[in-house]
Amino acid sequence: MDANHPDTRLSAIAGAIAEPARARMLCCLLDGRARTSTELSAVAGVSPSTASAHLNRLREQRLVDVLAQGKHRYHRLAGEDVGKALEALLVLAGLPRPAFQPNTPSRLRHARTCYDHMAGTVAVALHDHLAAQGCLLAGAPDGGDYLLSAAGAARLERLGVDLPALRKLRRRFACACLDWSERRPHIGGALGAALLQLALRRGWAERDLDGRALSVSAAGQRRMLAAFAPD
């Protein structure tokens with residue numbers, strides 16, 4: 001039987017989804033966040049070694065991708081089409097799926113520093129806003145690095161960000177940094193550091209005197225996003 005025939009591929013994908021533990025892992029990833037194999041083993045109710053075998057099967061069928069960040073490896077759905085297929089199957093199942101509940105302290109989850117750039121829900125929202133406005137573009141096939149569009153560069157320069165100086169630094173210009181609490185990317189690299197400094201200068205955010213938390217009011221977040229709105 002031809003392994004590349006559509007019917008054969010469909011059967012292999014369906015078989016990968018059909019095992020209950022793997023199905024629970026996939027449903028857990030439907031919120032767009034990434035998870036470690038340890039977290040997914042707990043969700044699936046299996047041992048870590050069994051979870052690894054299940055995740056290998058899901059990767060083989062191109063249902064999940066792996067993100068490496070430091071010493072950690074995170075798993076996420078392989079794309080929007082996978083999510084749509086799973087959502088359609090859940091409609092047929094007729095049962096709601098439980099929401100992900102992070103255990104990060106709420107204050108740190110909202111806004112904090114991640115080395116020299118901003119993290120938390122505010123930072124993820126800024127990342128998504130810049131991408132939606134066409135300011136932030138994928139610059140590498142694996143989605144790990146970003147480019148600025150001409151419009152994005154113009155907006156940052158109007159806000160006082162010295163882009164030529166950033167590009168001369170001996171570090172990545174802009175990259176996806178997987179957020180510890182949100183499990184979705186915020187902006188790292190030289191651009192991420194510059195955005196944090198911009199937020200502090202403009203009063204959109206304030207550093208805590210002690211610790212990593214940042215104070216970002218609802219008004220501050222609105223002003224931050226409005227600064228990158230279309231002209």
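Which residues in α2 meet which residues in α3? The views below are of a predicted model.

**View 1. Contact residues of helices α2 and α3.** From α2, the residues in the contact are Ala-21, Arg-24, Met-25 and Cys-28. Their partners in α3 are Leu-40, Val-43 and Ala-44. By class, this contact of α2 with α3 holds six nonpolar residues, one charged residue and no polar ones.

**View 2. Packing geometry of α2 (residues 20-28) and α3 (residues 37-44).** Two packed helices are described by the angle between their axes and by the distance between those axes. Here the angle is about 120° and the axes lie 8 Å apart. Because of that angle, α2 is oblique to α3. The crossing of α2 and α3 is right-handed.

**View 3. The largest nonpolar core, with 32 residues.** Leu-191 and Leu-195 have the most contacts inside this core. Two or more residues each are given by α7 (121-132), β6 (146-148), α8 (150-158), α9 (163-168) and α10 (189-202). Helix α10 supplies the largest share, seven residues.

**View 4. Surroundings of Leu-195.** Leaving aside residues up to four places away in sequence, Leu-195 touches Leu-126, Leu-130, Leu-156, Ile-187 and Phe-228. Leu-195 is also one of the two residues named for the most contacts inside the 32-residue core.

**View 5. A second core, separate from that of View 3, with 19 residues.** Among its members are Cys-28, Leu-40, Leu-77 and Val-82. Cys-28 of α2 and Leu-40 of α3 also appear in the helix contact of View 1.

Notes: Residues are numbered from 1 along each chain as its sequence is written. This is a predicted model: local features need pLDDT of at least 70, side-chain atom pairs count only at pLDDT 80 or more; totals for chains, interfaces and linings use all residues. Side-chain values use heavy atoms; hydrogens and water are left out. Axes are lines fitted to C-alpha atoms, for helices over the stretch in contact, and angles run from 0 to 180 degrees between N-to-C directions. Helices (H or I, at least four residues) and strands (E, at least two) are DSSP runs, numbered from the N terminus. Angles under 35 degrees count as roughly parallel, over 145 as roughly antiparallel, 65 to 115 as roughly perpendicular and the rest as oblique. A crossing is left-handed if the near helix is turned anticlockwise from the far one by less than a right angle, and right-handed if clockwise. Contact means heavy atoms within 4.5 Å. Ala, Val, Leu, Ile, Met, Phe, Trp, Tyr, Cys and Pro count as nonpolar, Asp, Glu, Lys and Arg as charged, and the others, Gly among them, as polar. A nonpolar core is a set of buried Ala, Val, Leu, Ile, Met, Phe, Trp, Tyr and Cys residues joined through side-chain atoms within 4.5 Å. Buried means under 20% relative accessible area, exposed over 50%, partly exposed in between (1.4 Å probe, protein chains only).
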